[in-house]
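Q: Please take me on a close look at one helix in this structure, and then show me what surrounds the ligand. I am new to this, so a friendly pace would help.

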Amino acid sequence: MSSGSSFSPPRGMRDFYPEEMAAQNVILRTWRSVSESFGFEEYDACIVENLDLLKRKSGEDIVKQIYAFEDKSGRELALRPEMTPTLARMIAARQGALAMPLKWYTIAQCFRYERMTRGRRREHYQWNMDIVGEPSVSAEAEVITAVCAALSRLGLSPTDFVVRINDRALVAAVLASLGVDAAYHATMFLVLDKRDKTDDLAALLDNANLPPDAVQAVDQLAALRSLDDVARLIGEDAAPIQSLRELIKLLELSGLTKSVAFDMSVVRGLDYYTGIVFEGNDAKADMRAIFGGGRYDNLLKAVGGKPASGVGLGFGDVVIHDLLADKNLLPGAAPVLDVAIGYMGIEQRSIATGIASTMRAAGSSVDLGLHPEKAKQFFSRVGNGRARQAIFLGPDDLAAGEYRIKNLEDRTEKVVPFSALSPSD
Ligand code: HAM
């Protein structure tokens with residue numbers, strides 16, 4: 001229900017005014033250019049998804065947050081809270097025809113009815129990169145390297161953020177060695193995921209209904225600080241130890257030593273992850289995750305496809321925006337125009353239009369005045385960094401058959417005859 005006569009956006013949804021859009025576009029353009037420079041192909045789908053698919057394939061926490069509705073024919077639909085179930089359904093539908101492994105990316109607007117905290121809204125844009133059909137850790141190495149390249153292109157240094165990696169299979173092996181029955185592992189993953197996000201650990205454990213040995217294991221797990229600690233407990237030959245060591249080596253080869261760390265507390269809240277999982281945070285860790293992802297081995301089969309392993313991540317626009325804004329790394333204004341054109345009287349509008357048309361056809365970005373204005377007004381409108389050059393036409397220019405193009409950065413001026421605009425010249 002609307003709260004009154006002033007129409008604000010619905011709670012948690014965002015408007016982007018032009019200066020905010022300029023900052024937003026820096027993020028979106030970086031995501032796109034990094035995806036393409038790493039050889040990912042773009043895909044997309046509708047924001048509206050079948051509720052049933054999302055209910056069955058999204059994580060338990062996300063399901064509670066779905067914006068669902070019925071269409072006029074009684075179909076149960078929803079605004080997607082994430083892209084992964086949609087990706088799985090799209091790949092399953094054409095699996096035979098797609099060359100594996102595939103590397104796909106998208107920038108998806110997602111909706112979750114979340115409690116609003118710093119870095120969380122009810123609508124966000126999420127960059128997804130997924131590799132499907134590659135069982136080796138090269139897939140994890142590729143998406144993590146790409147995401148670090150994006151953070152670096154956005155202006156962050158390797159010590160500004162940390163990618164914390166773990167493996168759910170490793171956590172399961174540790175839980176087994178601590179005597180926690182496999183029946184409790186899924187609940188343990190949820191508890192471990194929420195552990196750092198809650199102020200009331202006791203209540204969280206209470207609600208989870210875990211046996212005492214499992215409750216004890218929560219602390220024992222947190223005490224395991226390094227991969228060597230874990231290897232001592234479950235053996236160096238354990239498969240998850242081997243794959244994490246291999247991944248860390250590949251990431252080191254890509255020069256990411258400073259940004260990557262093993263962290264036993266990372267398990268991720270989504271049910272479909274089966275192997276290596278990872279999360280990116282700002283180094284001070286005073287914000288929620290910048291991005292998160294992992295390996296999902298069973299999702300394709302679960303949506304009717306052939307078994308195929310996938311690895312991917314989701315990276316939202318909200319936390320990174322706040323982080324970049326804190327570090328003054330976002331522009332505060334719309335992009336600078338090549339030329340702004342204004343005119344004193346309606347008589348000069350035709351020639352102004354001709355100049356704009358010629359310059360636009362030559363590839364320049366041009367703002368053409370919509371009505372006559374005084375020179376002072378024009379220059380104060382376009383002079384404060386909005387345009388690099390300006391042309392202001394008055395009756396004298398018309399009489400002389402030439403116009404002056406002023407460089408607003410160094411204040412120099414060039415005179416150009418109108419004849420230069422003629423296509424036959
Ligand atoms: P997720 O951890 O639920 O994973 O979300 C990924 C990222 O999306 C988060 O780290 C955060 O940047 C952003 N995000 C999520 N919810 C919100 C929100 N309410 N407000 C602002 N930003 C948000 C997934 O969604 C997985 N589907 C990612 C994935 C792709 N795994 C494999 N492929």
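A: Let's begin with a handy yardstick: the expected span of a helix is 1.5 Å times one less than its number of residues. Keep in mind that what you see is a predicted model. Helix α5 covers residues 138–153, which makes 16 residues. From its first C-alpha to its last, α5 reaches 22 Å, close to the 22 Å expected.

Now look at how α5 sits in its surroundings. A residue counts as buried when its relative accessible area is under 20%. In α5, 12 of the 16 residues are buried, so the helix is largely enclosed by the rest of the structure. Among these buried residues are Val-143, Ile-144, Val-147 and Leu-151, and Glu-140 is one of them too. Just after the helix, Gly-155 takes a positive phi of about 110°.

From there, let's move to the ligand. It is surrounded by 25 residues, and the closest are Glu-82, Thr-84, Glu-114, Arg-121 and Tyr-273. By class, this shell holds nine nonpolar, nine polar and seven charged residues. Some contacts are worth finding on screen. A polar side-chain atom of Gln-126 is 3.0 Å from a ligand oxygen, while a side-chain N or O atom of Arg-268 lies 2.9 Å from an oxygen atom of the ligand. Leu-313 uses its backbone instead: an N or O atom there is 3.4 Å from a ligand nitrogen. Of the 660 Å² of accessible area that the ligand has on its own, the protein covers 96%. Strands β6 (123–132), β10 (291–296) and β11 (310–316) each give two or more residues to the shell.

Notes
Residues numbered from 1 in each chain as written. Predicted model: local features only at pLDDT ≥ 70, side-chain atom pairs only at ≥ 80, totals over all residues. Heavy atoms only, no water. Helix = DSSP H or I, 4+ residues; strand = E, 2+ residues; numbered from the N terminus. Buried < 20%, exposed > 50% of the residue type's maximum accessible area, 1.4 Å probe, protein only. Near = heavy atom within 4 Å. Polar contact = N/O pair within 3.5 Å; in protein donor to acceptor, adjacent residues only side chain to side chain. Areas by Shrake-Rupley, 256 points an atom, 1.4 Å probe, with all protein chains shown as cover. Nonpolar A, V, L, I, M, F, W, Y, C, P; charged D, E, K, R; others polar.
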